[in-house]
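Here are some short exercises to work through with the model open beside you. Try each one before reading its solution.

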Amino acid sequence: MKLVVVGLGQCGGRIADEFARLNRKARIHRRIEIVTGAFAVNTDAADLSGLQNIKSDYQHRILIGGRKTGGHGVGKINELGAEVTKEDVDKIVDAIRSAQHLYESDAFLLIAGAAGGTGSGGIGVVTQHLRDRYMDKPIYNLVVLPFEHEEANEERTVYNTATCLKAVGSVADAVILVDNQRYVRKDFSLRNNIARINALIAEPFYNLLCAGEEKKAKHIGSRIVDAGDIIQTVVGWTVIGYGRSQLPLIRLPFLRSRNFRKKSTETHIGIQAMDEALSELSLKCNPADARRALYLLSAPAQEMNMDLVKELGDYLRDLAPEALIRNGDYPRERGVLDVTVILSELSDVEKVREFYSESTEFIRHVANRQEQVESRLKGIEEAGKDIPTLL
Ligand SMILES: Nc1nc2c(ncn2[C@@H]2O[C@H](COP(=O)(O)OP(=O)(O)OP(=O)(O)O)[C@@H](O)[C@H]2O)c(=O)[nH]1
Ligand SMILES: [Mg+2]
């Protein structure tokens, strides 16, 4: 599958940059193309110049909001983010339209951090405009939810996140939810290592996008996962997970037969990778709420067999009994077996509900506070009403 990737704001731009890096890796190591164009949109000039893989011309690193933001961001006010994006949306859409291989692309992927200003406000606006113009291509949004400490310490975090989720939920064909906090749990030092988190966020997409683009017979699985399967799977609220198991280094030739022991070891390793993918989904959710699912098994050809693919399917079916499950195998990797899982068309996402209800409370709280401030100001005015004026 080939994507046009557009990152908005700092978070979106950096993750889009990561996709551009994956594309380079696919081109060098696999001679295939998975990203037909990578763009970053921001109100902050410094953030744009900090990127490494997205082409550095103004058509790919698109600065918006010129006069209103002076190149310094919107300071977490996502209404302003939405407003300046609307004003400059033609500039963004024109740049995307001039991408060389746009016609070959299967879908758009727009990325932003929900808790910020520029990306949070802009992602829904750009999605809506692309949707009006390219009705034949699905538009996916990848939305990054804030760390817990941001929810606790910064008032606007929850409000920005809720308004962003509401916007993307109503315009995108699918919203892939990624919770920053999930990546902190894996390894605490990561908190200071955003680049590593971004790599972990993009990683599950690598084999998933590559599998359907392979041209050489030896890398084409017996059941290919291509753009069609992904488009049929990814709808509405969506999460993605990735798990990897090392394969035993030494393989004794006499064990290569279809012997029972080997098969059970393979199955065990496969289930282990699938377990990891499911326990480290990009957002905690209940697989039973998924209406659609997909898994891709990538391993060296000799490690793969249809029994294993089927076993993984049975395992996933138990956890997501309501889901229509698609699957595929991808004879690639060396020394490892990995499993990518997508759970989609989720009928309930607790975290999204929480953001909505907390934000509704926050709006009430702000309105109350505003009333209090106004009545106090009136009090001051009242107290000074007999003082002569100098003006
Ligand atoms: N995973 C990840 N999260 C990030 C990154 N940069 C920022 N964030 C998160 O994104 C949210 C803030 O959004 P930003 O992208 O910084 O904001 P922005 O869109 O640039 O908006 P302004 O700076 O207000 O103009 C917070 O929840 C951050 O934790 C990143 O590179 N990777
Ligand atoms: Mg910024």
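Three exercises follow, on cysteines, nonpolar cores and one helix.

This is a predicted model, in which local features need pLDDT of at least 70, side-chain atom pairs count only at pLDDT 80 or more, and totals for chains, interfaces and linings use all residues. Residues are numbered from 1 along each chain as its sequence is written, and side-chain values use heavy atoms, without hydrogens and water.

**Exercise 1.** Count the disulfides, then look at Cys164 and Cys285.

Step 1. Taking a disulfide as a pair of cysteine sulfur atoms within 2.5 Å, the count is zero.
Step 2. For Cys164, the nearest cysteine sulfur belongs to Cys11, 10 Å away.
Step 3. The sulfur of Cys285 lies 19 Å from the closest one, in Cys164, so a bond is ruled out by distance.
Step 4. Buried means under 20% relative accessible area (1.4 Å probe, protein chains only); Cys164 qualifies at 2%, and Cys285 at 19%.

**Exercise 2.** Find the largest nonpolar core and explore the contacts of Leu130.

Step 1. A nonpolar core joins buried Ala, Val, Leu, Ile, Met, Phe, Trp, Tyr and Cys residues through side-chain atoms within 4.5 Å. The largest has 69 residues.
Step 2. Helix α13 (residues 260–279) gives the most to this core, with six residues.
Step 3. Beyond four places in sequence, Leu130 is in contact (heavy atoms within 4.5 Å) with Val93, Ile96, Phe108, Leu110 and Ile139.

**Exercise 3.** Decide how the buried residues of helix α5 are arranged.

Step 1. In α5 (residues 89–97), Val89, Ile92, Val93, Ala95 and Ile96 are buried.
Step 2. They share one side of α5, because their arc around the axis is only 160°, taken from the directions from the helix axis to the C-beta atoms.

Terms used. Chains lettered and ligands numbered in written order. Buried < 20%, exposed > 50% of the residue type's maximum accessible area, 1.4 Å probe, protein only. Helix = DSSP H or I, 4+ residues; strand = E, 2+ residues; numbered from the N terminus.
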